[in-house]
Amino acid sequence: MNPPLTTSSTLSRRKFITGAAATGAGLMFLPKTKLFGANAPNNKLNIAMIGAWGRASQHYNWLKNENIVAVCDVDKNNLAKGLAEFPGATTYEDWRKCLDHKGLDAIICCTPDHTHAFITNWALNRDLHVFMEKPLAITVNEARAVRKKYLEKKSKLATQVGTFRHAFPNVTRVRDMIRAGAVGKIKEVHAWGTSRWPVPAGYAPAAGPVPAHLNFDLWLGPSPEHPYSPEYFRLGQRPGLGCQSYNKYWDFGMGYAGDWGSHVFDVAWNALDAELPQKIKAISDEKSNPAITPLEMSSLFTIPANSWRNEVRVVWHQGGKLPSVPAEWIDLEKFKSGVLFKGDQGFLLCDFDNRVLIPFGKDADLSYFAPLAKDKATPIIPSFFENWTSACKNGSPANTCCNFEYGSKMVETLALGLAAFRAGAELEYDGSTGRITNNEAANQFLTKPYRSGWTMEG
Ligand SMILES: NC(=O)c1ccc[n+]([C@@H]2O[C@H](COP(=O)([O-])OP(=O)(O)OC[C@H]3O[C@@H](n4cnc5c(N)ncnc54)[C@H](O)[C@@H]3O)[C@@H](O)[C@H]2O)c1
């Protein structure tokens, strides 16, 4: 039933179960944790929770169906909050040590964005299933490194990027409608998020001392050195919003594109069966800033044709930029975020929960479109989180809806939009090599600097 795991911890767990069965009553007196894990009789996963508060606190409930055996956080106060929910878990300050906790099957990681690709690849190297919060990576090269590692391991490891709105029924229905031709031949797709946030001039100046409960050096992790400032923790008291204190800085994130963009762009990406873009262009009135990601920007991607549709232009708009609308009475300002599919017969406008089909033109009689019969419709994903936990347990690990092949291509594309913004030029991209082919200098924007001593290959 379970995929064969090859970690030494699993082997020792298997040996234990065999041995325990042989010794009969001895079983009752053995430590409880030894009985858990994906291959154990009660079929719970042994999970390490890396990043114990903030977004992590929004996962506590469903995680209580599994076995949280280790909790890791660089902030003692946050570690205590996680431990209070999962008493008995072993605590860690450094995720590199936590990943070597004996008997682990999986990790869930809700740390800041700049650590995601590192923690992912270290965990995959240890044959651990991974649930990683979005964004999966913050540069093109990180996304590609994660995908490469995942593809080596995908027959045995289940992965999920935390873009949980992917499982909202409307997202599946939108996909089915586009595939069935609800807008005719698809031409262009626009996704947007209108939120704006304060834009600082640069990295925060030193404003110490570092609070005693925080290991700021480990918080920086692979990022280049920066002095401590409470600015990077300003929203940290609001679960799930703390990331907006730091993800606008290049060293700590990819701004609004990786933040809300990860969710909204996913609706378009999913409906199109999209692959890496061949051309990328960014439109913005903002100047490139060496410290801060752009706020107001549209990035345009030429996505290649596939077996069921032509080449299509996909646009991500952020910070107030919006696509043009098919009719004046459509007020996109009222959609905080959404997706507009433009085809040769009509438009489909949607957000995560709603959709409206707008046929247009003299022949807009809908005769071109046959809605899917109920029994042909794609099944709704009952639970985004169980989609991952059951894949960890049931031997079909690649079947998660937002696995790292899917998720890495999507975030690589969003990161390419930022590279085009920084290069100030239209870019041609070769997805097979990960190189920009028409502008050598722009390749510098596919990566970022790291502190020495930190490697993704740990
Ligand atoms: N899927 C979603 O809807 C969603 C929503 C909110 C946040 N997120 C993502 O979750 C992540 C965390 O966001 P947040 O708002 O909770 O941020 P946050 O900074 O408020 O919380 C991060 C937590 O991780 C801890 N931490 C920081 N560095 C660590 C390290 N190196 N090792 C271990 N623990 C560390 C912090 O102390 C804190 O407890 C971000 O990547 C964000 O994009 C996803």
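**Close-up views of the predicted model**

**Figure 1. Surroundings of the ligand.** By class, 13 nonpolar, 10 polar and 7 charged residues make up the shell around the ligand. In this predicted model, the ligand is surrounded by 30 residues. Gly51, Gly54, Arg55, Asn78 and Gly242 are the closest of them.

**Figure 2. Helix H3 and the strands it packs against.** Helix H3 spans residues 76-85. Asn78, Leu79 and Gly82 are its buried residues. Viewed down the axis of H3, these buried residues fall within an arc of 105°, and they therefore line one face of the helix. Three strands receive the buried residues of H3: strand E1 (46-50), strand E2 (67-72) and strand E3 (90-92). Asn78 thus appears in two of these views, as a buried residue of H3 and as one of the residues closest to the ligand.

**Figure 3. Contact between domain 1 and domain 2.** The domain assignment places residues 8-164 in domain 1, whereas domain 2 is assembled from the segments 166-198, 253-378 and 406-446. A distance of 33 Å separates the C-alpha centres of the two domains. Domain 1 contributes 17 residues to the contact, and domain 2 likewise contributes 17 residues. On the side of domain 1 that touches domain 2, the largest share, 6 residues, is supplied by helix H6 (residues 140-153). The residues on this side of domain 1 comprise 9 nonpolar, 4 polar and 4 charged.

**Figure 4. The hairpin of strands E12 and E13.** Strand E12 covers residues 346-350 and strand E13 covers residues 355-359. The two strands are paired in the antiparallel sense, with 5 bridges between them. Within this pairing, phenylalanine 347 has isoleucine 358 of E13 as its bridge partner. The hairpin connection from E12 to E13 consists of 4 residues.

**Figure 5. Lysine 187 and its contacts.** Lysine 187 belongs to strand E7, which runs over residues 186-193. Lysine 187 counts as partly exposed because 15 C-beta neighbours lie inside 10 Å, a number between the limit for exposed residues, 12 or fewer, and that for buried residues, 20 or more. When neighbours within four places in sequence are left aside, lysine 187 is in contact with Val312, Lys342, Gly343 and Asp344. Lysine 187 and glycine 343 are 156 residues apart in sequence, yet the C-alpha to C-alpha distance between them is 5.0 Å.

Technical notes:
Residues numbered from 1 in each chain as written. Predicted model: local features only at pLDDT ≥ 70, side-chain atom pairs only at ≥ 80, totals over all residues. Domains from an automatic or database assignment. Contact = placed C-beta atoms within 7 Å. Nonpolar A, V, L, I, M, F, W, Y, C, P; charged D, E, K, R; others polar. Near = placed C-beta within 6 Å. Arc of directions from axis to C-beta. Pairing = 2+ DSSP bridges.
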